[in-house]
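Reader: I should be grateful for a close look at the lining of the largest pocket and the parts that adjoin it in the sequence. Please explain each term as it arises.

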Amino acid sequence: MTDLRINSLEDINSVAKQFIELVGERHRVFAMYGSMGVGKTTFVKAVCEELGVEDTINSPTFAIVNEYHTRKDQIVYHFDFYRIEDVQEAYDFGYEDYFYCQAMCFIEWPERIESILPSDVINLNFTEEEDGSRMIQVQMD
């Protein structure tokens, strides 16, 4: 397990860069756990910026999934399963096409679909510290 600390919004992009270096090319699906408002979407935005995404990055709460393209024509998918009621909804929109396509997939509210997460998913546990900083525990293999 590796801990990444975001002390302020000013250093979130440097932490995003650390994260990209840490996970490398091999790891592609990331389950992001943490309470609402802890910074999951903000972190995805910073990772996307570091990867060269020029699109506007926002929460996919109503769309369930947003798709972003990097300058190197890589794809990043950002999911928000907060609003789904049943794992069947993930089957209905074809989650396998996303999770197994080699694109980076960031999943908010993975608790709602844990039974269908890939076996090699990387868990990211977000917490807010008393001083307002954020801690991300990265659980790999």
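Author: The residues that line the largest pocket divide into four nonpolar, two polar and three charged. In this scheme Ala, Val, Leu, Ile, Met, Phe, Trp, Tyr, Cys and Pro are nonpolar, Asp, Glu, Lys and Arg are charged, and the others, Gly among them, are polar. The model is a predicted one, in which local features need pLDDT of at least 70 and side-chain atom pairs count only at pLDDT 80 or more, while totals for chains, interfaces and linings use all residues. Residues are numbered from 1 along each chain as its sequence is written, and side-chain values use heavy atoms, without hydrogens or water.

The lining consists of I20, V23, G24, E25, R28, L51, K72, Q74 and M104, and the pocket holds about 160 Å³ of space. A pocket here is an open set of points on a 1 Å grid over the protein atoms alone, where a 1.4 Å probe fits, with protein on both sides within 12 Å along at least five of seven lines; a lining residue has an atom within 4 Å of a point. The volume is the space filled by probe spheres set on those points, which are joined across faces, edges and corners.

Lining residue V23 is also one of the buried residues of helix α1, buried meaning under 20% relative accessible area with a 1.4 Å probe, protein chains only. Helices are DSSP runs of H or I with at least four residues, strands are runs of E with at least two, and both are numbered from the N terminus. Helix α1 covers residues 12–23 and reaches 16 Å from its first C-alpha to its last, close to the 16 Å expected; the expected span is 1.5 Å times one less than the number of residues. Its other buried residues are I12, V15, A16 and F19. Seen down the axis of α1, the buried residues fall within an arc of 105°, so they line one face of the helix; the arc is that of the directions from the axis to the C-beta atoms. An α-helix has 3.6 residues a turn, so residues three or four places apart point the same way. The elements that cover this face include β1, β2, α2, β5, β6 and β7, contact being heavy atoms within 4.5 Å.

After α1 comes G24, whose phi is positive, near 60°, and G24 belongs to the pocket lining. Helix α2 is likewise followed by a glycine, G52, with a positive phi near 95°. Lining residue L51 is among the buried residues of α2.

Methods. Buried means under 20% relative accessible area, exposed over 50%, partly exposed in between (1.4 Å probe, protein chains only).
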